[in-house]
Amino acid sequence: MEKKALIYEGKAKMLFETDHEKHIWVSYLNQATALNGAKKDQISGKGQLNNQITSIIFEKLKKKGIESHFIQQLSATDQLIERVTMFPLEIVIRNVAAGSFSKRLGIVEGTPLTFPILEIYFKEDKLDDPLINDDHVAVLGLAKKDQLVVIKEKAHQINLELLDLFQEIGIRLVDFKLEFGQRDDGTILLADEISPDTCRLWDKETNEHLDKDIYRRDLGDLVPVYEEVLQRLKNKK
């Protein structure tokens, strides 16, 4: 597989064309961002940790029957994915009150929710990724009604699988963000990444942060925390 022209460079990844029309080469970056890019730093080793964690999780989800755009890990920092058309949506599943959810609704952080709450955000940096509902999705033409139904069903299914996975390695899955894409034939797939950048993870025994809140809240060094998550996943393989 040959890496060719740059397609896109984002906050955490660079995407490249390959010699296969339907495949994209992804390189994970060491850049850490928070507050919609207002806070930004280079953290050595972060990219390879997110790549490896995402690769393991996507492989585990595949074994559970959940399709994604992930094809294979190419190196410590790179992976190969299937080209899909992305929905400009971020789907957030919350199992425990935390972060912006706690602030917005006045619920004490750490409060277990009686059932998983699904939130939809419009993926648009210029608007700071606003929280929207199904009607907004329809009016803006971000997804068709039947597509949104599938996306929501898949998000809840993924939540169940991830709850089990993280439970087995002593981690509490507080909340997480998902993105989805669509093949030319209309099949909707899990896309983007699942890592401590996109999940809020707490140690099951101590409630210590094992996620990007370490960086957001200036709680310490990010890399050892991500290394801990990776090691626990590897030990479970």
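The domain assignment of this protein chain gives two parts: domain 1, covering 3–82, and domain 2, covering 85–221. The centres of the two domains, taken over C-alpha atoms, are separated by 18 Å. In the contact, 27 residues come from domain 1 and 25 residues from domain 2. Please keep in mind as you look around that this is a predicted model.

A good place to see both domains together is the second largest pocket. Its lining draws at least three residues from each of domain 1 and domain 2. The volume of this pocket is about 220 Å³. To find the pocket in the structure, look for Lys60, Leu61, Lys63, Lys64, Glu161, Leu162, Asp164, Leu165, Glu168 and Lys236, which line it. Two helices, H1 (46–63) and H4 (145–168), each supply at least two residues of that lining. Which helix gives the largest share of the lining? That is H4, with five residues. What classes of residue make up the lining? Seven are charged, three are nonpolar, and none are polar.

Now let us turn to some single residues, starting with Thr18 in domain 1. Thr18 lies in strand S2, which spans residues 13–18. Is Thr18 buried or exposed? Its relative accessible area is 7%, and buried means under 20%, so Thr18 counts as buried. The side chain of Thr18 reaches two backbone oxygens: that of His20 at 2.9 Å and that of His23, also at 2.9 Å. Leaving aside neighbours within four places in sequence, Thr18 is in contact with Met1, Glu2, Lys4, His23, Ile24, Trp25 and Leu80. His23 therefore appears both in this set of contacts and as a partner of the Thr18 side chain through its backbone oxygen.

From here we can move to domain 2 and the loop between strand S10 (112–122) and strand S11 (131–132), where Asp129 lies. Asp129 has a phi near 50 degrees, a positive value in a residue other than glycine. With a relative accessible area of 12%, Asp129 is buried. Glu124 has its place in the loop between S10 and S11 too. Glu124 is partly exposed, at a relative accessible area of 26%. Not counting residues up to four places away in sequence, Glu124 touches Asp129 and Pro130. You can also trace Glu124 to Pro88: the two are 36 residues apart in sequence, and their C-alpha atoms are 7.5 Å apart in space.

Further along the chain is Asp184, in the loop between strand S12 (171–182) and strand S13. Is this residue, Asp184, buried or exposed? Its relative accessible area is 68%, and exposed means over 50%, so Asp184 counts as exposed. The side chain of Asp184 makes a polar contact with the side chain of Lys22, at 2.5 Å. For another way to place Asp184, compare it with Met14: these residues are 170 apart in sequence and 23 Å apart in space, C-alpha to C-alpha.

The next loop to visit runs between strand S13 (188–191) and strand S14 (199–203), and Asp197 lies in it. At 10% relative accessibility, Asp197 counts as buried. What does the side chain of Asp197 make a polar contact with? The partner is the side chain of Lys46, at 2.6 Å. Lys46 is also one of the residues in contact with Asp197 once neighbours within four places in sequence are left aside; the others are Asn50, Lys212, Arg216 and Tyr226. Lys46 leads back to a helix met earlier, since helix H1 is numbered 46–63.

Asp192 has its place in the loop between S13 and S14 as well. Phi of Asp192 is near 65 degrees, a positive value in a residue other than glycine. Asp192 is buried, with a relative accessible area of 14%. A positive phi was also met at Asp129, another buried residue, back in the loop between S10 and S11.

Note on methods:
Residues numbered from 1 in each chain as written. Predicted model: local features only at pLDDT ≥ 70, side-chain atom pairs only at ≥ 80, totals over all residues. Heavy atoms only, no water. Helix = DSSP H or I, 4+ residues; strand = E, 2+ residues; numbered from the N terminus. Buried < 20%, exposed > 50% of the residue type's maximum accessible area, 1.4 Å probe, protein only. Polar contact = N/O pair within 3.5 Å; in protein donor to acceptor, adjacent residues only side chain to side chain. Contact = heavy atoms within 4.5 Å. 1 Å grid on protein atoms, 1.4 Å probe; cavity = no way out; pocket = protein on both sides within 12 Å on 5 of 7 lines; lining within 4 Å. Points joined across faces, edges and corners; volume = space filled by probe spheres on them. Nonpolar A, V, L, I, M, F, W, Y, C, P; charged D, E, K, R; others polar. Domains from an automatic or database assignment.
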